[in-house]
Amino acid sequence: MNSIFTYILLGISLAAPVGPVNAAQLDTGIKNGFFHAFIFGFGALTADILYMIMVYFGVGQFIDSPYIKIFLWTFGCFVLTYTGIENLLTLNKIKINMSSGKRIRLRQALLSGFLISLLNPLTILFWLGIYGSILAETSVSLQDDQLIIFSLAIIVGVILWDTIIAFLSSGARKYLSTRFLIIISLLSSLSMIAFGIYFGIQAYHTLF
């Protein structure tokens, strides 16, 4: 049980660093509430699980190809920059969404979370580096069923963090002023654009 708890904490630590996924989930929760933020996080988790499966079956070497990296950096740049700019253009609608209950569809939140996480090179590097090293270290001493249990514990940690983010963002939406919510959403959007630019720079350096 202590080992399982350790891997749950590892899942939380993997999901906790400030990045484009957290920024986008926070923005979704502020504008649309708890369930939309949670579904967004579930979409991101789906991409995480996909990468975990790929690493488990040794596809990491394929992703490590320079051409694949350029592709991932470029699309990550496009998705994050586009999402950040789109959020900036809808800042004035935060008050309208809060008062009228107008929200994006849950499947749109799910797809946004999946795409942003799937095309986020930081997510890929995290799972290739950290989860890959965990598999390399533990596969020597653990059986396959134990590896699956510990992998599920990591997923539980990610879900816990997504729930915390969804709760905090929806709570902020209820109790903070509209102006302050706009500032938070502005910072989140600028963070996504900044990461998008960073990914574009990395794609350029990888290409040349």
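**Figure 1. Helix 3 and helix 7 make a right-handed crossing.** This view comes from a predicted model. The axes of helix 3 and helix 7 (residues 106–118) come within 7 Å. They cross at roughly 40°. Helix 3 and helix 7 are therefore oblique to each other. On the helix 3 side, the contact residues include Phe 35, His 36, Ile 39, Phe 40 and Phe 42. Further contact residues of helix 3 include Gly 43, Ala 44, Thr 46, Ala 47, Asp 48, Leu 50 and Tyr 51. Helix 7 contributes Leu 106, Ala 109, Leu 110, Ser 112, Gly 113, Phe 114, Ile 116, Ser 117 and Leu 118. By class, the contact of helix 3 with helix 7 has 14 nonpolar residues, 6 polar and 1 charged.

**Figure 2. Ala 47 is a buried residue of helix 3.** The relative accessible area of Ala 47 is 0%. Buried means under 20%, so Ala 47 falls in that class. Setting aside neighbours within four places in sequence, Ala 47 is in contact with Phe 114, Ser 117 and Leu 118. These three partners are among the helix 7 residues that meet helix 3. The C-alpha atoms of Ala 47 and Leu 115 are separated by 7.7 Å. Along the chain, Ala 47 and Leu 115 are 68 residues apart.

**Figure 3. Ser 117 sits in helix 7 and is buried.** Its relative accessible area is 2%. Residues up to four places away in sequence are not counted here; beyond them, Ser 117 touches Val 21, Ala 44, Ala 47, Asp 48, Tyr 51 and Thr 123. Ala 44, Ala 47, Asp 48 and Tyr 51 belong to the helix 3 side of the contact with helix 7. Val 21 is a residue of helix 2.

**Figure 4. Helix 2 packs against helix 3 at an angle of about 155°.** Helix 2 spans residues 20–32 and helix 3 spans residues 34–56. Their axes are 8 Å apart. An angle over 145 degrees counts as roughly antiparallel. Helix 2 and helix 3 are therefore roughly antiparallel to each other. Their crossing is right-handed. From helix 2, the contact uses Val 21, Ala 24, Gln 25, Thr 28, Gly 29 and Asn 32. From helix 3, it uses His 36, Ala 37, Phe 40, Gly 41 and Ala 44. The residues of this contact divide into 5 nonpolar, 6 polar and no charged. His 36, Phe 40 and Ala 44 appear in this contact and also in the contact of helix 3 with helix 7.

**Figure 5. Lys 69 lies in helix 5 and is partly exposed.** Helix 5 covers residues 66–89. The relative accessible area of Lys 69 is 31%. Lys 69 and Ala 203 are 134 residues apart in sequence. In space, they are 7.5 Å apart, C-alpha to C-alpha.

**Figure 6. The whole protein chain has 10 helices and 0 strands.** Read along the sequence, the pattern is α-α-α-α-α-α-α-α-α-α. Of the 208 residues, 43% are buried. Among contacts with a separation of 6 or more, 88% join residues 24 or more positions apart. The accessible surface comes to about 11400 Å². Carbon and sulfur atoms account for 71% of that surface.

Definitions and conventions:
Residues are numbered from 1 along each chain as its sequence is written. This is a predicted model: local features need pLDDT of at least 70, side-chain atom pairs count only at pLDDT 80 or more; totals for chains, interfaces and linings use all residues. Side-chain values use heavy atoms; hydrogens and water are left out. Helices (H or I, at least four residues) and strands (E, at least two) are DSSP runs, numbered from the N terminus. Buried means under 20% relative accessible area, exposed over 50%, partly exposed in between (1.4 Å probe, protein chains only). Contact means heavy atoms within 4.5 Å. Accessible areas come from the Shrake-Rupley method with a 1.4 Å probe; for residues, only the protein chains shown count as cover. Axes are lines fitted to C-alpha atoms, for helices over the stretch in contact, and angles run from 0 to 180 degrees between N-to-C directions. Angles under 35 degrees count as roughly parallel, over 145 as roughly antiparallel, 65 to 115 as roughly perpendicular and the rest as oblique. A crossing is left-handed if the near helix is turned anticlockwise from the far one by less than a right angle, and right-handed if clockwise. Ala, Val, Leu, Ile, Met, Phe, Trp, Tyr, Cys and Pro count as nonpolar, Asp, Glu, Lys and Arg as charged, and the others, Gly among them, as polar.
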